[in-house]
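This report goes through the side-chain packing and the backbone of one protein chain. The sequence and structure are shown first.

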Amino acid sequence: MSAVIDLQNISVVRGGKSILTSLSFQAQSNERWVILGANGAGKTTLLRVCAAQIQPSSGVARLLGQQLGETNVFELRTRIGFASSALAAQIPNSESVLNAVMTASYGVTGRWNESYDALDERRARRVLKEWELADFEERAFGTLSDGERKRVQIARSIMTDPELLLLDEPVASLDIGARELTIGLLAGYAQSEYAPAMAMVTHHLEEIPAGFTHALILKGGEVMARGEIGATITSESISEAFNHPLSVTYQNGRFSALSALDS
């Protein structure tokens with residue numbers, strides 16, 4: 001089985017500042033990774049490398065068998081689903097939810113002069129239904145709640161049936177109801193035999209959906225720990241990563257963390 005993500009000793013330097021340092025990471029097609037770490041650990045930068053949005057300053061990055069710097073990234077990106085708040089900000093507020101999802105077929109964020117066939121429209125409607133957005137397809141994107149926008153981002157990211165799905169804090173800032181609805185949908189998707197390889201960035205253990213199989217913990221732009229999720233997310237590793245004594249618990253497929261000073 002070849003790795004869908006294969007990063008070998010990569011570094012990312014921006015403005016003279018090292019964001020990722022000598023980082024190696026591999027993910028297989030049947031794996032679901034959560035990427036954890038404190039603010040500034042390099043999580044989003046790593047995800048952007050994996051999405052072929054940026055190239056590393058040094059090292060070798062191979063995605064879906066293609067090496068960055070030696071392949072057409074515009075073609076490569078069509079094989080990768082990527083959902084982030086930065087990308088959502090590019091969707092016009094006036095765009096309908098149906099079009100916001102369907103335009104992923106062309107890799108654009110606003111409908112212009114592209115032509116879509118009945119298959120594109122059927123797939124967009126099916127994806128919207130799967131993410132409980134069927135009643136919103138004619139709504140303007142700018143009128144949606146934060147939770148609805150997050151689900152539209154995810155629906156858009158899987159519109160093209162990607163081989164790799166990358167999610168940057170998909171439930172950040174949501175209220176409890178919207179968060180749990182989205183996490184539940186992500187858990188169902190992650191556990192499907194038809195789902196692609198997945199990697200998701202989050203700050204909070206409570207946001208990790210059931211069905212995720214592996215964890216990568218970053219600290220200061222370097223890999224601090226990685227491996228199967230249950231063996232990697234421990235009180236010791238999370239305390240070290242977040243520079244605070246924390247007690248990690250696992251129940252009914254979900255992680256949580258509280259300050260160990262309160263116990």
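## Ring contacts, cores and turns

Arginine 77 lies over the face of phenylalanine 74, at 5.2 Å from the ring centre. The model is a predicted one.

Aromatic pairs come next. A search of the whole structure finds three of them. One is formed by phenylalanine 25 and tryptophan 33, whose rings are 4.9 Å apart centre to centre with 85° between the planes. This pair counts as edge-to-face because the angle between its planes, 85°, is over 60 degrees. Both partners are buried: phenylalanine 25 has a relative accessible area of 0%, and tryptophan 33 has a relative accessibility of 4%.

The nonpolar packing can be described core by core. The largest nonpolar core has 46 residues, of which Trp131, Ile208 and Ile233 touch the most other members. Helix H4, residues 97-102, gives the most to this core, with five residues. A second core, separate from it, has 34 residues, among them Leu23, Trp33, Ala41 and Ala61. In general, nonpolar side chains tend to be buried together in soluble globular proteins.

Which residues are in contact with isoleucine 233, leaving aside its neighbours within four places in sequence? They are Val34, Leu36, Leu205, Ile208, Ala215, Ile238, Val248 and Phe255.

The backbone has a hairpin of strands S9 and S10 with two residues between the strands. S9 covers residues 214-219 and S10 residues 222-228, and the two pair in the antiparallel sense over six bridges. Within this pairing, leucine 218 has valine 223 in S10 as its bridge partner. Glycine 220, in the same hairpin, takes a positive phi near 60°.

Positive phi is also found at two residues that are not glycine, leucine 64 and asparagine 252. Most residues other than glycine have a negative phi. The two are set out below.

| Residue | Phi | Loop between | Relative accessibility |
|---|---|---|---|
| Leucine 64 | about 50° | S4 (58-63) and S5 (66-67) | 11% |
| Asparagine 252 | about 55° | S11 (246-251) and S12 (254-259) | 74% |

Are these two loop residues buried or exposed? Leucine 64 is buried, because its relative accessible area of 11% is under 20%. Asparagine 252 counts as exposed, because its relative accessibility of 74% is over 50%.

Technical notes
Residues numbered from 1 in each chain as written. Predicted model: local features only at pLDDT ≥ 70, side-chain atom pairs only at ≥ 80, totals over all residues. Heavy atoms only, no water. Core = buried A, V, L, I, M, F, W, Y, C linked by side-chain atoms within 4.5 Å. Buried < 20%, exposed > 50% of the residue type's maximum accessible area, 1.4 Å probe, protein only. Helix = DSSP H or I, 4+ residues; strand = E, 2+ residues; numbered from the N terminus. Contact = heavy atoms within 4.5 Å. Phe/Tyr/Trp six-rings, centres within 6.5 Å; stacked < 30°, edge-to-face > 60°. Lys NZ or Arg CZ within 6 Å of the ring centre and 35° of its normal. Pairing = 2+ DSSP bridges.
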